[in-house]
Amino acid sequence: MTQSVTVDSADQARMPKQIPYIIANEGCERFSFYGMRNILTPFLITSLLLSMPENMRAGMAKEVFHTFVIGVYFFPLLGGWLADRFFGKYNTVFWLSLVYCCGHACLAIFEDNRNGFYTGLFLIALGSGGIKPLVTSFVGDQFDQSNRSLAQKVFDGFYWIINFGSFFASLLMPIFLKKLGASIAFGIPGLLMLIATIIFWSGRKRYVHVKPAPRDPHSFLNVVRTALTTDIPGQAKSGYYMAVLGALLAVGSLFLIPKVGIVAALCLALVLVLGFGGMGAWMQLERARGVHPDHAVDGVRSVLRILVVFALVTPFWSLFDQKASTWVLQADKMTKPEWFEPAQMQALNPMLVMLLIPFNNLVLYPLLKLKGMELTALRRMGLGIAFSGLAWIVVGFMQLAIDGGNAIEITWQILPYALLTFGEVLVSTTGLEFAYSQAPLAMKGVIMSFWNLSVTIGNLWVLLANSSVKSDAVTEQIKSTGMSVTAFQMFFFAGFALLAAFLFALYARGYKMQNNYRQAG
């Protein structure tokens with residue numbers, strides 16, 4: 001233990017030389033992703049969905065957007081599984097990056113063809129989602145116990161470069177869409193993704209390659225299966241029946257497809273299986289001891305505790321991702337200069353992130369520490385969820401003013417963007433390192449996939465909320481409050497986030513942090 005502390009001291013720890021390749025790749029890839037994502041809603045409303053009645057376009061555009069985001073953050077499960085079990089992180093990232101490039105090509109080619117355009121969105125969701133947890137955990141693989149003290153700085157830098165790419169994408173792409181047309185506007189992100197792939201490939205001989213784990217009879221799923229199916233005379237199988245109930249509810253959720261759509265229904269089914277199955281495994285986990293070694297059983301319990309943290313973060317993503325849909329639609333109804341496109345307001349988010357990350361690390365956190373206030377990882381994440389709720393209270397009051405016929409300057413959106421972005425920095429930059437450090441060594445990719453799955457579930461809540469307000473009975477009930485449906489939903493999501501922040505704080509009090517970085521050498 002003494003040797004590890006000495007090696008990890010700040011004056012001896014060295015930054016891996018291969019990190020710049022990964023950081024540069026991420027900057028180009030994020031420009032690529034956010035470049036197309038930030039013009040998606042305006043493009044759908046003004047071009048691809050013109051054949052629909054005007055009063056239905058905004059709702060359909062939001063549905064397409066959040067369905068796409070669900071796909072982006074669902075496919076990390078596939079990418080993590082392929083990397084951890086078969087191909088390794090580098091190979092999986094490289095080949096899925098090529099799929100990603102093909103998706104961008106489809107958007108540029110099929111700008112006026114729904115089937116071709118949606119195929120492009122699917123390929124981008126598959127490629128972007130598949131590599132998402134792997135690039136992050138690939139960064140972590142480049143560190144060991146000798147330099148792990150530098151890992152959080154790199155994760156912060158990693159998130160900074162993401163927002164560097166996002167800033168210029170948010171600022172420029174709406175202009176390119178308006179001035180150059182959809183084909184070129186969607187082609188530019190494709191070119192950046194190709195450059196990102198070439199950069200990543202160029203560093204292939206410098207990376208630390210962690211081999212895929214061999215098939216493990218004591219893997220997470222095997223331990224869970226043993227826990228759920230083992231009979232002990234005289235003891236009820238409450239956990240098993242809990243998991244069965246989740247499976248039955250998941251099958252039942254498929255009957256909601258006509259109402260909420262196939263994507264939302266399948267995601268809801270997954271949530272039910274994970275939620276009830278996880279609770280069932282927790283209830284009977286001790287039954288796996290003896291069949292599996294103690295470290296495997298304890299590892300499963302650690303993973304289940306991590307998944308509770310991830311579940312409580314999902315409301316944050318419900319609020320955060322709507323800045324590219326609900327907030328853009330609100331901005332379109334606000335007064336602004338003729339040259340300014342509503343989608344350009346999204347550039348505020350990455351710009352503020354680039355300012356807040358160094359401010360927090362160099363000023364805010366050290367100042368709070370001097371005053372005896374230690375902001376642990378979980379405290380930061382809980383506060384971040386709360387700040388997102390405050391941001392939505394602000395946009396809710398702005399929506400009430402707009403609904404009342406008042407002219408609201410678009411500059412008023414700066415305040416909620418600032419609150420939401422501060423919350424994002426507290427949740428996302430902390431969550432990346434938290435997810436990697438808490439994951440058992442054999443499950444880095446999969447755990448990072450579950451972190452990304454929390455974004456999918458957050459967008460699922462948005463789709464379900466939007467589907468619920470399509471009911472005449474619900475709409476009439478909302479109108480009786482004196483608010484528009486849009487304003488009501490804004491306050492609903494704010495309350496959703498504040499409740500989640502409270503529950504997060506309660507759970508975090510009993511959580512024990514882990515250190516699961518690999519050993520040096």
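**Holes inside a predicted model**

User: Which helix gives the most to the lining of the largest cavity?

Analyst: A cavity here is a set of 1 Å grid points, over the protein atoms alone, where a 1.4 Å probe fits but can't get out, and lining residues have an atom within 4 Å of a point. Helices are DSSP runs (H or I, at least four residues), numbered from the N terminus. With six residues, the top contributor to that lining is H6.

User: What kind of model is this, and how are its residues numbered?

Analyst: This is a predicted model, where local features need pLDDT of at least 70, side-chain atom pairs count only at pLDDT 80 or more, and totals for chains, interfaces and linings use all residues. Side-chain values use heavy atoms, leaving out hydrogens and water, and along each chain, as its sequence is written, residues are numbered from 1.

User: How much space lies in the largest cavity?

Analyst: There are three cavities of 30 Å³ or more. Grid points are joined across faces, edges and corners, and a volume is the space filled by probe spheres set on them. For the largest cavity, that comes to about 360 Å³.

User: Which residues lie nearest the centre of the largest cavity?

Analyst: Helices giving two or more residues to its lining include H2 (19–37) and H6 (114–141). Of the 25 lining residues, the nearest to the centre are Arg-30, Tyr-73, Lys-132, Tyr-159 and Asn-452.

User: Which helix supplies the largest share of the second largest cavity's lining?

Analyst: This cavity holds about 70 Å³ of space, and 13 residues line it. H7 and H15 (348–370) each supply at least two of them. The largest share, five residues, comes from H7.

Terms used:
On a 1 Å grid over the protein atoms alone, a cavity is a set of points where a 1.4 Å probe fits but cannot get out, and a pocket is an open set with protein on both sides within 12 Å along at least five of seven lines; lining residues have an atom within 4 Å of a point.
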